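Dear colleague,

Please find the structure below, handed over for your own work. My notes on it follow directly after.

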Amino acid sequence: MSLSEFVGQLDALLEAAIEAFNLAHTEDALEEARISFLGAKSGRLKTVQKQMGSVAADDRKAAGQRLNEVKQLVQDAFEAACARVQSQSGGTAQPAIDHSLPGIAAPRGHLHPLTQTINELKEIMGRLGFEVAEGPEVEDERHNFDALNIPAEHPARDPLDNFYVNVGPAVPMLLRSQTSTVQIRVMESRPWPIRIISLGRVYRPDTADATHYPMFHQMEGLLIDRHVTMADLKSVLRMFASSYLGADVHVRFRPSFFPFTEPSVEADFWWNGNWVEFGGAGMVDPNVLSAVGYDPEEVSGFAFGLGIERLCMRRHNVTDIREFYRNDVRFLQQF
Ligand code: FA5
C-alpha cells in the first residue's frame, strides 16, 4: 500500500469518527461509537493500523507518525463528546428523569362558585326561553341612567354613589352600577319581541358587610312582547327561584320603586328566619320603551335584576358574601 493511500484511509477515518461522536447524544451511543473507532480488538483504527505492514519500508516512519496523530485526534474528539453528553444530562452519569418513579398528581382546580352559579342560572333561564346578552362594564350615562328614566338630578347619579372613570372630559363614563344597562343596549339594537338575560359584574361604592360588596354580580332579565303582565313576571321569578333554590323556597314580592319600572317590586326569599332581598323587578316603564323607539301602546314587558351572590349564598348556606372574594382555598374547595 502506498503512503498516500494509507494516509487517505486515516483521514477518512478521522472525519467519520468526529461525525459519529458529534451525533451521539447519550452515553450509550457514545460508547458504541468509541468501540467502533477506538476498540482495542476490531476498532477501525486498529484495522487501519494492521495495514501499516504493507506500506513500503521507507515510508513506514511517516505512516506511523500520521497514525499516532490521528489516534490522538480521534481520542480528543471522543473526550470532547463525553464532556458534552455529560453536561447535557446535568453532569451526572444517571439519566435526568427516572421514568420508573410514580408521578406526583397535580391538584385539580375547578370553577369559582360564582362562575358555577352563573352557568347554572343561564341553563335554568335558557330552559324558560331566555337567551344570553352581553354589555360593557364601563358605561356611558345614557345607558346607566338617562335611557333608564333616571334624570340628571336623581340622587342615584351622585358621583359619591358611583365609580366614575376618567376617560376624557367630553364623555362622563362610569363602571356600571346595574346590569339594567344591557336592557337598553338590547332594545336599541333589535325589534321586539325580546326575551334575554344578562349576567355580569356591577360596581357600587357600598361598604362591604355580610350581604354587600362593592363589586358584585347581577342577572338582568327582560321580556318584551304584546300583552305581557305582572302575572307573567311573578310566574317566571317563582319558577326560576324554585328551580335554583328548590321547590320549597318561600318567595314574596314587596311593592317598591325603580325609575325604569312601573309598578315595581322587590323580591325576597325566606332564609334562616329572615326575609332576604334578592332582586328588584317590575313592568318596563313606558318612558323606557319610548326612549328606545318602541311604542308603549303596542308592547309591554317586564324586567328584573337579581343579586347572584345572594342566590348562591342561600343555595350553599354561605352567610358572608366576603367569602367569595377572599380566595381562601379552604372555602373554595367546598364547591
Ligand atoms: C337594581 O339594581 C335594579 N337594576 C334591579 C331591577 C332591574 C329593577 C330591572 C327593576 C327592573 P337593586 O339596587 O335593588 O336594584 O339591586 C338588585 C339586587 O342586587 C339586590 O336585591 C341585591 O340582591 C343585589 N345587591 C345590591 N347591592 C348589592 C351589594 N352591594 N352587594 C351584593 N349584592 C347587592
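The notes below begin with the ligand and then turn to individual residues and backbone features.

Please bear in mind throughout that this is a predicted model.

The ligand and its surroundings

The ligand sits in the largest pocket. Its shell comprises 26 residues, and the closest of them are Gln178, Ser180, Arg204, Asp206 and Glu277. Divided by class, this shell holds 11 polar, 9 nonpolar and 6 charged residues.

Several secondary-structure elements contribute to the shell. Helix H7 (180–189) and the strands S6 (215–225), S8 (261–271), S9 (274–284) and S10 (300–307) each provide at least two of its residues. Of these contributions, that of S9 is the greatest, at 5 residues.

Three polar approaches to the ligand may be of use to you when you inspect the site. At Ser180, a polar side-chain atom is 3.0 Å from a nitrogen atom of the ligand. At Arg204, an N or O atom of the side chain lies 2.8 Å from an oxygen atom of the ligand. At Gly279, the backbone takes this role: one of its N or O atoms is 3.1 Å from a ligand oxygen atom. As for overall coverage, the ligand on its own has 670 Å² of accessible area, and the protein covers 94% of it.

Two of these residues deserve a further word. Arg204 is located in the loop between S5 and S6. Its relative accessible area is 27%, and it is therefore classed as partly exposed, a class that runs from 20% to 50%. Between the C-alpha atoms of Arg204 and Lys61 there are 97 Å, with 143 residues separating the two along the chain. Gly279 belongs to strand S9, the strand that gives the most to the shell. With a relative accessible area of 5%, Gly279 is buried, because the value falls under 20%. From Gly279 to Ala56 the C-alpha to C-alpha distance is 108 Å, and the two residues are 223 apart in sequence.

Residues elsewhere in the chain

Strand S8, already named as a contributor to the shell, includes Glu266. The relative accessibility of Glu266 is 14%, so this residue counts as buried. Its side chain makes a polar contact of 3.1 Å with the side chain of Ser256.

Ser198 is part of strand S5 (residues 194–203). This serine is buried, because its relative accessible area of 2% is under the 20% limit. The side chain of Ser198 comes to 2.8 Å from the backbone oxygen of Ala133.

Gln86 is found in helix H4 (residues 60–88). Its relative accessible area is 38%, and it is accordingly partly exposed. Gln86 and His25 are 61 residues apart along the chain, while their C-alpha atoms are 9.3 Å apart.

Backbone features

Two cis peptide bonds should be noted before any preparation of the model. One runs from Trp192 to Pro193, with omega near 0 degrees; Pro193 is in the loop between H7 and S5. Another joins Glu262 and Pro263, with omega about -5 degrees. Pro263 lies in strand S8, which also holds Glu266.

Positive phi values were found at two asparagines. For Asn317, phi is near 55 degrees, which is positive in a residue other than glycine. Asn317 is placed in the loop between helix H10 (308–316) and helix H11 (323–326). For Asn327, phi is likewise near 55 degrees. Asn327 is in the loop that connects H11 with helix H12 (329–332). At 54% relative accessibility, Asn327 counts as exposed, since the value is over 50%.

In brief, the ligand occupies the largest pocket and has polar approaches from Ser180, Arg204 and Gly279.

With kind regards

Methods: Residues are numbered from 1 along each chain as its sequence is written. This is a predicted model: local features need pLDDT of at least 70, side-chain atom pairs count only at pLDDT 80 or more; totals for chains, interfaces and linings use all residues. Side-chain values use heavy atoms; hydrogens and water are left out. A residue is near a molecule or strand if one of its heavy atoms lies within 4 Å of it. A polar contact is a pair of N or O atoms within 3.5 Å; within protein, one must be able to donate a hydrogen and the other to accept it, and residues adjacent in sequence count only if both atoms are side-chain atoms. Accessible areas come from the Shrake-Rupley method with a 1.4 Å probe; for residues, only the protein chains shown count as cover. On a 1 Å grid over the protein atoms alone, a cavity is a set of points where a 1.4 Å probe fits but cannot get out, and a pocket is an open set with protein on both sides within 12 Å along at least five of seven lines; lining residues have an atom within 4 Å of a point. A molecule sits in a cavity or pocket if more than half of its atoms lie within 2 Å of its grid points. Helices (H or I, at least four residues) and strands (E, at least two) are DSSP runs, numbered from the N terminus. Ala, Val, Leu, Ile, Met, Phe, Trp, Tyr, Cys and Pro count as nonpolar, Asp, Glu, Lys and Arg as charged, and the others, Gly among them, as polar. Buried means under 20% relative accessible area, exposed over 50%, partly exposed in between (1.4 Å probe, protein chains only).
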